[in-house]
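Here are my notes on the model you sent. Please read them with the structure open.

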Amino acid sequence: MRDRGSATAVEMLAVVMFGLVGLLFLGYLGRLHAAGIQVQNTSQAAARAASQAPDPDAARVAMGSALATSSLTTRCDGALSSALSWAPSPTGTWQGGSVTVVVSCTLGNESLAGVWAPGDRTISSTDTQPVDRYQR
Amino acid sequence: MTAERTGAATAPHPREGRDRGSLTIVALILTTMCLGGGALIVDGGRALAARRHAANTAESAARYAVASQTLSADPDHATLRARAIEFATRAGVPPDDVDVRVLDDADGPSVEVTVTERTMTVFLAIGGASTMTVEATGSARFVYST
């Protein structure tokens with residue numbers, strides 16, 4: 001009777017540890033997905049802002065303003081990087097053109113996992129919008 | 001699940017063997033739950049992201065097609081289709097996955113774009129479903145105002 005319950009306790013501990021690691025893993029995946037949505041939202045907002053500008057320079061200013069007011073400025077561990085490409089129409093006018101914005105954000109694995117974890121991940125999102133100065 | 005016994009007792013415990021392997025079942029259930037949760041989060045998230053990208057591309061392609069027309073002439077259906085497909089291609093969608101319909105309603109012509117996107121699965125691939133297909137429709141209408 002001396003060892004009654006000892007095996008169950010030890011093995012249950014192993015199972016509980018396994019379950020906790022599984023929960024942390026699911027939490028990590030959830031936070032990673034939420035961060036991806038945040039980056040996607042920001043790239044779409046920046047592209048929409050840039051698409052109302054008449055030329056690439058004004059579009060970059062509009063994109064910068066949209067990024068500066070986004071929640072990613074505090075969420076990203078490193079600098080929030082972005083790139084804009086302006087594709088005018090065949091005639092060179094804004095009508096019929098499009099603008100593409102790429103937003104990249106680097107997040108530490110520790111902030112995603114909730115516990116100490118090495119390394120980091122870079123999340124990128126691309127959004128393309130038609131240039132349309134008359135949109136509302 | 002056995003426990004080494006010491007002392008004089010050599011006869012097997014009455015319950016020994018009955019619960020052998022029960023924790024293996026618990027571990028199996030936990031593993032299945034983790035994989036199921038991962039499938040919901042990762043593959044569900046990928047499906048939602050693809051659906052959203054498809055909807056965004058469809059709406060933008062419809063607006064692009066409408067915005068590229070001149071207001072002085074009647075809209076040309078073939079050009080509208082070509083413009084919508086051109087924009088969807090710029091957004092990374094193959095032309096074969098874009099369906100464009102030009103509708104002549106009582107309120108005026110409108111462009112309806114349907115985009116189909118396929119995304120790779122991670123956890124569901126274990127069960128044999130390696131890709132997911134999502135579809136979204138967006139439309140834009142000509143509105144003439146002064």
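Which strands of chain A does helix H2 lie across, and at what angle does the helix run to S1(A)?

1. **The helix on the chain A strands.** This is a predicted model. Helix H2 of chain A covers residues 56-68. H2(A) lies across S1 and S2 of chain A. The helix runs at about 150 degrees to S1(A).

2. **The sheet of chain A.** S1, S2 and S3 of chain A form an open sheet, in the order S1-S2-S3. The pairing is antiparallel. Strand S1 (81-87) and S3 of chain A are the edge strands, and each pairs on one side only. From one strand to the next, the twist averages 15 degrees.

3. **Pairing of S1(A) with S2(A).** Strand S2 of chain A spans residues 98-108. S1(A) and S2(A) run antiparallel and are joined by seven bridges. To find the register, start at Ser81(A): its bridge partner in S2(A) is Ser104(A).

4. **The sheet of chain B.** Chain B has an open sheet of three strands, ordered S1-S2-S3. Here the pairing is antiparallel. Strand S1 (98-105) and strand S3 (131-141) of chain B sit at the edges, each pairing on one side only. On average, neighbouring strands of this sheet are turned by 20 degrees against each other, direction ignored.

5. **Pairing of S2(B) with S3(B).** Strand S2 of chain B runs through residues 108-120. Eleven bridges link S2(B) and S3(B) in the antiparallel sense. For the register, look at Thr119(B), which stands opposite Met132(B) in S3(B).

6. **The helix on the chain B sheet.** What packs on this sheet? Helix H2 of chain B does, with residues 77-90. H2(B) touches S1 and S2 of chain B. The direction of H2(B) makes about 145 degrees with that of S1(B).

7. **Contacts between the chains.** How many residues of each chain are in contact? For chain A the count is 24, and for chain B it is 22. On the chain A side, helix H1 (6-50) and strand S3 (120-130) each supply at least two residues. H1(A) gives the largest share of that side, with 15 residues. S3(A), then, touches chain B and is also an edge strand of its own sheet.

8. **Make-up of the chain A side.** Which classes of residue does chain A present to chain B? There are 13 polar residues, eight nonpolar and three charged.

Key. Residues numbered from 1 in each chain as written. Chains lettered and ligands numbered in written order. Predicted model: local features only at pLDDT ≥ 70, side-chain atom pairs only at ≥ 80, totals over all residues. Contact = placed C-beta atoms within 7 Å. Helix = DSSP H or I, 4+ residues; strand = E, 2+ residues; numbered from the N terminus. Nonpolar A, V, L, I, M, F, W, Y, C, P; charged D, E, K, R; others polar. Pairing = 2+ DSSP bridges. Axes fitted to C-alpha atoms, helices over the stretch in contact; angles between N-to-C directions.
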